[in-house]
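Visitor: I'm new to this, so could you pick one part of the model and take a close look at it with me, step by step?

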Amino acid sequence: MDPIQQELDVLIRARYPILYLVSWEEPRVMRTLRSIARRQEKELLTWTVTDGWTTADGRPPARPGDAGGRRSTSPAPRRTRSSTVEVDQALDALDLVEQWDSGGQGSARGALFVLKDFDPYINAPAVERRLRDLAMRLPYAGYKTIVVLSPVLKVPSHLEKDITVVDVDLPGYDDLKAILDRIVKSVSPEAVMLDDEGTEAFVKAALGLTSAEAENVFAKALVMDGKLERMDVNIVLSEKKQVVRKSGTLEYYESDAKFGDIGGLSALKDWLRKRRGSLTQRARDFGLPEPAGALLIGVQGCGKSLAAKAIGALWEMPLLRFDIGSVFGRYVGESEQNMRKAIAVAEAVAPCVLWIDELEKGFSGMSGGEDSGTSSRVLSYFLTWLQEKKKPVFVIATANDVQKLPPELLRKGRLDEIFFIDLPAHKERVDIFDIHLRRRGRDPKNYDLDALARAARQFSGAEIEQAIVAALFDAFDENRDINTEDIKRNVEVTVPISRTMAERIEALRDWADERARPASFAEDLVEPEDEDGGEPAKAKASRATARKPKVEASVSEVKPEG
Ligand code: ATP
């Protein structure tokens with residue numbers, strides 16, 4: 001029995017009156033429910049707004065008043081009980097649940113009443129009341145269980161205590177492997193050119209798809225050229241990208257960023273490199289805990305996003321970009337629903353890296369209270385997931401503004417580490433010039449990187465890159481190649497963010513000093529002595545001391561007065 005079948009089996013035996021199954025996979029869930037009904041010797045009745053109730057053999061069930069077990073074919077009597085016909089139908093549907101009595105055949109086996117797509121009616125006051133009454137009566141009225149089955153979770157707050165929500169996971173590795181095996185068996189052996197490793201790659205690529213989607217894409221891969229081979233994994237992957245995109249909040253991020261593209265940030269790179277295999281079973285067997293994730297806080301344009309993008313490639317795992325701001329919807333319950341969906345997709349794609357860019361944008365304004373607690377509910381769902389997650393999803397979050405981050409997020413145990421990414425120091429700037437010159441097809445040996453790094457003191461990585469780009473334009477215009485002077489000139493005319501936002505950067509450094517770990521090793525943070533004029537001594541000293549973070553402290557403690 002798979003875990004979901006087991007869970008439902010127990011809930012139904014324990015006479016939970018109303019279960020709400022959230023799933024896109026109607027056929028798979030119905031198969032599971034049929035199998036439970038068979039084992040528990042229960043009747044299975046299904047309701048849709050178009051067909052009304054039908055029994056397992058597709059016929060309308062006996063109505064109250066029908067003679068002993070006789071199946072009536074007449075439609076249910078319709079009264080005008082609410083403002084819409086559909087709500088009347090929903091109420092009639094619930095009437096049948098209460099009045100149903102195993103068709104007068106003398107057996108008290110009970111029944112499962114599956115309501116498909118019932119969520120649009122559940123908010124109608126009369127339906128809500130009727131469900132509350134049923135929730136109280138059903139445990140004493142035979143073995144009846146109502147099962148609401150819908151891809152969308154909509155539980156009115158009045159019903160929260162009466163309804164048990166069960167999230168049906170997307171199919172796991174074994175389920176998808178069974179689907180692939182079925183397809184492989186149905187074609188001639190010559191058409192299948194997959195060894196064990198190829199099969200595993202195929203199935204893993206399909207994680208995150210529903211059974212129907214997986215079946216379709218496996219069949220598509222086969223039909224396209226009449227055979228199944230390792231290369232076809234790409235067809236499956238592109239299907240998965242579609243699915244992730246359809247989730248609306250996640251994006252399957254394809255990045256060619258490598259660790260070699262990041263200048264500096266030695267401590268962060270080292271930390272990530274050591275955790276490279278940490279999402280694998282081998283790490284579990286070795287006794288390592290599942291890593292939760294890391295938060296990268298820092299000055300704009302210094303490589304936070306770049307580092308997040310490079311992890312996917314370093315760890316050879318899918319990178320899902322999560323736009324947390326987009327989970328907030330206009331309708332009641334929509335935001336929570338979006339958050340659940342995003343997490344479900346990420347878990348189905350696991351092992352993967354979930355990159356939350358600009359974390360503060362999602363949760364800022366939470367204290368305003370104008371959204372009647374939606375943001376805090378979404379945040380608390382996210383935090384609970386973060387703390388209890390069982391699937392190998394590594395969260396890498398980036399943020400510029402700590403003042404806007406909810407303090408709960410920074411408490412110990414939520415994330416493994418908080419890194420502070422400061423403006424690059426001399427050696428790091430040399431690296432960054434080197435990387436960006438190389439990226440534009442220039443040999444760094446032909447440039448005075450030391451002089452450039454000195455000129456670009458207090459510049460961010462993004463500003464260094466921009467100076468090179470501007471120099472390229474200048475040189476191109478004059479029909480020659482760039483030289484050190486071109487770049488230096490552009491550095492000198494740039495007003496870096498460190499000057500325009502000096503106070504904010506200083507406040508960020510003060511905050512990080514106590515709470516975050518520097519993303520660079522101390523030895524990389526030394527500035528050349530002769531030009532050590534601009535940077536505040538305090539910040540410099542703190543950056544050069546690789547302190548252990550005290551992440552349990554709350555951000556609110558450091559908020560400026562007023
Ligand atoms: P923001 O908060 O504005 O999103 P960020 O810290 O995430 O900033 P990135 O988006 O990573 O900054 O940086 C922008 C670009 O600047 C990068 O794509 C990269 O080209 C360049 N860059 C920044 N930092 C570095 C670095 N340490 N090494 C190499 N390139 C860098």
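**A walk across the sheet**

Guide: Let's start with a pair of neighbours: strand E11 (residues 319-322) and strand E12 (residues 352-356) pair in the parallel sense, over four bridges. Just so you know, this is a predicted model, where local features need pLDDT of at least 70 and side-chain atom pairs count only at 80 or more, while totals for chains, interfaces and linings use all residues. Residues are numbered from 1 along each chain as its sequence is written, and side-chain values use heavy atoms, without hydrogens and water.

A strand here is a DSSP run of at least two residues, a helix one of at least four, numbered from the N terminus. Two strands pair if DSSP finds at least two bridges between them. Look across from E11 and you'll see that Leu320 faces Leu354 of E12. At the start of E12 sits Cys352, and that cysteine is buried, with a relative accessible area of 0%. "Buried" means under 20% relative accessible area, exposed is over 50% and partly exposed is in between, using a 1.4 Å probe and protein chains only.

Now zoom out a bit. These strands belong to an open sheet of seven, in the order E9-E11-E12-E13-E10-E14-E15, and the pairing is mixed. Strand E9 (250-253) and E15 are the edges, each pairing on one side only. E9 meets E11 in the antiparallel sense over four bridges, and one of the partnerships there joins Glu251 to Arg321 of E11.

Slide over to E14 (residues 417-421) next. Strand E10 (residues 293-298) pairs with E14 in the parallel sense, over five bridges. Within that pairing, Leu295 has Ile418 as its bridge partner, and Leu296 has Phe419. E14 also pairs with strand E15 (residues 517-518), again in the parallel sense, over two bridges. There you can find Phe420 opposite Pro518.

Here's the neat bit about E14: five of its five residues are buried, so the strand is largely enclosed by the rest of the structure. In a regular strand, side chains alternate between the two faces of the sheet. For E14, Glu417, Phe419 and Ile421 lie on one side, with Ile418 and Phe420 on the other, and they are all buried, which leaves both faces covered.

Let's go back to the E9 end and step off the sheet. In the loop between E9 and helix H9 (266-274) you'll meet Gly263. This glycine counts as buried too, at 12% relative accessibility. Its C-alpha atom is 8.1 Å from that of Val430, although the two residues are 167 apart along the chain.

Gly263 also brings us to the ligand, as it is among the closest of the 18 residues that surround the ligand, along with Gly301, Ser305, Asn400 and Glu465. To count as near, a residue needs a heavy atom within 4 Å. For polar contacts, look for N or O atom pairs within 3.5 Å. A backbone N or O atom of Gly301 sits 2.8 Å from a ligand oxygen, and a polar backbone atom of Leu306 is 2.9 Å from an oxygen of the ligand. Glu465 brings a polar side-chain atom to 2.5 Å from a ligand oxygen. Helices H11 (304-315), H16 (426-439) and H18 (461-477) are the elements that give two or more residues to this shell.

How values were computed: Polar contact = N/O pair within 3.5 Å; in protein donor to acceptor, adjacent residues only side chain to side chain.
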